[in-house]
Amino acid sequence: MRIPAHSVCTAIRDDIVAGVYERGSRLTEELLARRYGVSRVPVREALRTLEAEGFVVTRRHAGACVAEPTEQEAADLLEMRMLLEPLGAARAAQRRTEAHLKVLRGLVRLGQERARRGTSEDLRSLGGWFHETLAQASGSPALTSTLAQLRHKIAWMYAVEAPANPVESWAEHGGIVDAVARGDSDRARTITSVHTERATAAHRLRFPGGAAGAERADRVRTSQHPVNTPSLRH
């Protein structure tokens, strides 16, 4: 059975973000195919996609390598997100469905409950799901795709400190959903802008210096990541 290139792409991207492949390191088709248990064809297609996304560059005499973005490029990503997240929220207020609202409200209830209890282990992933669903509610596939790419690249380039006041952070999530539910685009844009700006201040660049990069666990480096298994996120 031929493994879809997008599944291979997801696996390689996840490993780049996790630090399995260091910035500037070579990505050979043969080794990647062996690692993910696929042929070289989907690997080749995946590398082309990742190059278009900015995770991979092709160098003369070296082939595909993990990109080495500059500090300015990293800063630009945060600025782009600060512009696009509020736009997505404003569009969501106009275009959301009841299904979107149900998921958003459920995530807010869960996030607020865990924030009050001080159980913050899952808050980051809950926040990611929240913002991904909010982007989907915008009704714009292009905007949703762009924001998803930004989130991946920002997670790769930055370490994020936990919110000093997670209860307040999830109260902002709740305010965004309330504005979206009322169809109040201006209010949704404003609250999301404040929320995104506050979240951006908690980001710390992983390079140069490599301090945050040193936090990568050896188990992540050596873990196998087969893509031809049911557990893969498609």
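Two residues are in contact here when heavy atoms of theirs lie within 4.5 Å. With that in hand, let's walk through this predicted model, starting with the whole chain and then stopping at a few places worth a look.

The protein chain holds 10 helices and 4 strands. If you follow the sequence from its start, these elements come in the pattern α-α-α-β-β-α-α-α-α-β-α-α-β-α. The chain has 234 residues, and 43% of them count as buried. Its accessible surface comes to about 12600 Å², with 52% of that belonging to carbon and sulfur atoms. Contacts also link distant parts of the sequence: among those between residues at least 6 apart, 76% join residues at least 24 apart.

Our first stop is helix α3, which covers residues 40-53. At 1.5 Å a residue, its 14 residues should span 20 Å, and the end C-alpha atoms are indeed 20 Å apart, so expectation and model agree. Which residues of α3 are buried? They are P42, V43, A46, L47, L50 and E53. Looking down the axis of α3, you will find these buried residues within an arc of 140°, so they line one face of the helix. R48 and A52, on the other side of α3, are exposed.

What do the buried residues of α3 pack against? Their partners are the helices α1 (5-18), α2 (29-36) and α7 (141-157), together with the strands β1 (56-59) and β2 (63-66). Just after α3 comes G54, which has a positive phi, near 95°.

Next, move along to R96, in the loop between α4 (71-95) and α5 (98-117). Is R96 buried or exposed? Its relative accessibility is 21%, and because buried means under 20% and exposed means over 50%, R96 counts as partly exposed. Leaving aside residues up to four places away in sequence, R96 touches L101, A137, V180 and A181. With A181 there is a specific link to look for: the side chain of R96 reaches the backbone oxygen of A181 at 3.0 Å. R96 and L134 are 38 residues apart along the chain, yet their C-alpha atoms are separated by 8.5 Å.

Our last stop is S169, found in helix α8 (residues 166-182). At 15% relative accessibility, S169 counts as buried. Which residues does S169 touch, not counting those up to four places away in sequence? Its contacts are P163 and H195.

Technical notes
Residues are numbered from 1 along each chain as its sequence is written. This is a predicted model: local features need pLDDT of at least 70, side-chain atom pairs count only at pLDDT 80 or more; totals for chains, interfaces and linings use all residues. Side-chain values use heavy atoms; hydrogens and water are left out. Helices (H or I, at least four residues) and strands (E, at least two) are DSSP runs, numbered from the N terminus. The expected span of a helix is 1.5 Å times one less than its number of residues. Buried means under 20% relative accessible area, exposed over 50%, partly exposed in between (1.4 Å probe, protein chains only). The arc is that of the directions from the helix axis to the C-beta atoms. A polar contact is a pair of N or O atoms within 3.5 Å; within protein, one must be able to donate a hydrogen and the other to accept it, and residues adjacent in sequence count only if both atoms are side-chain atoms. Accessible areas come from the Shrake-Rupley method with a 1.4 Å probe; for residues, only the protein chains shown count as cover.
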